[in-house]
Amino acid sequence: MTTTSSNQQENTHPLSSIENFSFEEFIETTNDLFTQVDPDGFFLYVSSSSIKYYGLKPEECIGLYAFNFIHPEDKEKSTSAFNDWLKKSDKSFSHINRLMHKDGSYHYMLWTITAVKDSENNIKLFNSIARDITSQKEAEIELIETQSKLKELVEHQTEQLNLAAEIFKHSSEGVTITDSKNTIIYVNQAFTTITGYSQEEAIGQSPSLLKSDRHDSSFYGLIWSAIKNTGSWEGEIWNRRKNGELFPEWLSISTITSTTGEIKHYIAVFRDISEAKAKQKQIQHQAYHDALTGLPNRELLIDRLRKAIISSKNNNKYLALLFIDIDNFKNINDSFGYVVGDNLLKKVAARIKGFINKIDTVARPGGDEFVIMLKEVKEKHDVVIMANSIIKLFSRAFTIKSQPVTLTPSIGIAVYPDDGDTAHELVRNADTAMFKAKQEGRNSYHLFTAGLTALARKRISLENELRKTVWEKNLTVFYQPKVSLLTDKIIGMEALVRWIKPDGRIISPAEFIPLAEETGLIIPIGEQVLETACLDTIALNKRFNTNLKVSVNLSLRQFKQKNLLQTILDIITKTSIDPSCLDLEITESTVMDDIEQTKKTLDKLADSGITLSIDDFGTGYSSMAHLKNLPMHVLKIDQSFVSGLPHNTSDKKIVKAIISLAKSFDLSTVAEGIETYEQCTYMKELGCDIMQGFYYSPPVPIDKFSTLLSDSL
């Protein structure tokens, strides 16, 4: 009796209660691929799905080598993994690879393989089931969601029951089997893990045990209608765990029918997709929000603008955009680094966001730009008040490394419907108005007008032309003589870039240099001017047997380059110019910006033999303590002090002081902007060393400068 009871227990299985459960029919009608392979890897049996996956009928597969159908790129990995498993082969082997169709296409397949052994533990054959997971793999690659499907493995009816039970038992997806009346007769361990209900608690209950009350009766009606009409349903549904927690799952329900078409069972396979939905939500947030500040990005701003425009049409109120650009923010990044710059941008974002109303939007399209969208504006003047408030908001200093830093904004204003009918048009016009605010001195706002559009187009056209000219290296270098006030002879020259268009028209440096600074084109322009000046100086010195020194300007943006020193040294090496023939002119404000780093750079330049000049001296804020420690050689007296000589008393005092200061530091002096004989004579009397200006010659092309030099010798 005991033995009989024991045997009965061993044969008892949760699936054994399913009457007439035909796995042979299941195998031949499912999309899954079932195979039996002998120990050498040749097919003994292949289900009818072989037509879909191999392009061969089952009988055509018998005797073929199974591994020949694996994608060439996966074969080595699959073979190695299979051989490693064979060393134990006491458990099922799971693996994913690509299965080749005879037409060259392939499917991603999830394999589950078990070894059938004889009484002496020798492998008789391998049973395997493969599920097509191509769509899941593609979804995984696209980071939309990842899903894995239930892996079923069946052999013949008795072996298939046991094998299917093992698959259900160990699957990571919850499995529920109900009878025809939808009463649960089996659940696997994953069901318990996901829902919190044990097998004992679930069996005998209805699947409505998990009902979340988040869906109405019509939702469930559609599910059962699909199952009735097609035999299956698949989709997203919300259920409730035992502890009351709601969770989303991906559910697949299929019917199992008898040979007569009578419904015998329902199999539900589900997976908790909470994590996948959280990732999807995160991806969606990242797609529409700025990663640094968390503010809406340009895409979300445009979307909100479109909706706000529709709302404005309905309530007859204005909609306004304030396009904000932080003035000279590039200097922050250059001086303190991008990490500090990013932290400062986050502080700016937080300050603006904390200032505006909840119904309005502040976005960050990128860089140091912010956009405020004001909804339901009653009067246009309210927008101007807001712009002034933003300027005042910026007047309160931010803190960087315990140091106060004051930023200023340039603001462009566009109002719907006067300044644009579409979201993109409003953004573009507000941007255009912002550039106008910059041109007018920064730290201010400007209202959009129709005329600004033409100016914006002109600016864009000019930028494109300049970019093309720089790329093709078609800029020209002019030279203005530097004359010794002691000998009245040319001893050097300043290299000045000129843009001469193909039609002969000259674009003023005052027009394109600020544009070059703003767009970063000043860097390649500076390199081209430096290289050309070096080559021309070498040629002149060789031709006239002179020792001319050429002066080249370095802008603040150029000076802040991390590779500035190496760039200059590379050009010196490339052109073979004697470094003593090169003079780099740096403005006073550039010299005083980040004095410690400036000194390191200047020391290295001076050590290489290059002469260093402070340009526009007297217009900045030089500290005598700093000046005496810098390796400077020349002070250039700004022409604004020279123009009033010799009659303006203030200019006379300033110039005398500068020359006296230069002598005390053993520095040479250059007076720029000399235009009259009186100015020249006066500077000579004061002991100035070198003059430069229209009195002697304006900047001229290299051939005319050669003539001037020849006449000077």
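The following legends describe four close-up views of a predicted model.

**View 1. Helix α19 and the residue that follows.** Helix α19 comprises 23 residues, 522–544. At 1.5 Å a residue, a span of 33 Å is expected, and the end C-alpha atoms lie 32 Å apart, which agrees. Just after this helix, Asn545 adopts a positive phi of about 55°.

**View 2. The second largest pocket.** This pocket has a volume of about 1,000 Å³. Its lining consists of 38 residues, of which Glu494, Leu496, Ile513, Asn553 and Asp615 are the closest to the centre. Strand β19 (490–500) provides the largest share of the lining, five residues. Other elements that each supply at least two residues include α18 (509–519), α19 and β23 (611–617). By class, the lining contains 15 nonpolar, 13 polar and 10 charged residues.

**View 3. A salt bridge between helices α19 and α21.** Side chains of opposite charge can pair when their charged atoms come close. Glu531 and Lys574 form a salt bridge, with their closest N and O atoms 3.1 Å apart. The pair links distant parts of the chain, since Glu531 belongs to helix α19 and Lys574, 43 residues away, to helix α21 (residues 564–575). Glu531 is partly exposed, at 22% relative accessible area, whereas Lys574 is exposed, at 58%.

**View 4. A salt bridge within helix α23.** Lys599 and Asp603 are joined by a salt bridge whose closest N and O atoms are 2.8 Å apart. Both residues lie in helix α23 (residues 595–607), four residues apart, or about one turn of the helix. Lys599 is partly exposed, with 31% relative accessibility, and Asp603 is partly exposed, with 23%.

Notes: Residues numbered from 1 in each chain as written. Predicted model: local features only at pLDDT ≥ 70, side-chain atom pairs only at ≥ 80, totals over all residues. Heavy atoms only, no water. Expected span 1.5 Å × (residues − 1). 1 Å grid on protein atoms, 1.4 Å probe; cavity = no way out; pocket = protein on both sides within 12 Å on 5 of 7 lines; lining within 4 Å. Points joined across faces, edges and corners; volume = space filled by probe spheres on them. Nonpolar A, V, L, I, M, F, W, Y, C, P; charged D, E, K, R; others polar. Salt bridge = Lys/Arg side-chain N within 4 Å of Asp/Glu carboxyl O. Buried < 20%, exposed > 50% of the residue type's maximum accessible area, 1.4 Å probe, protein only.
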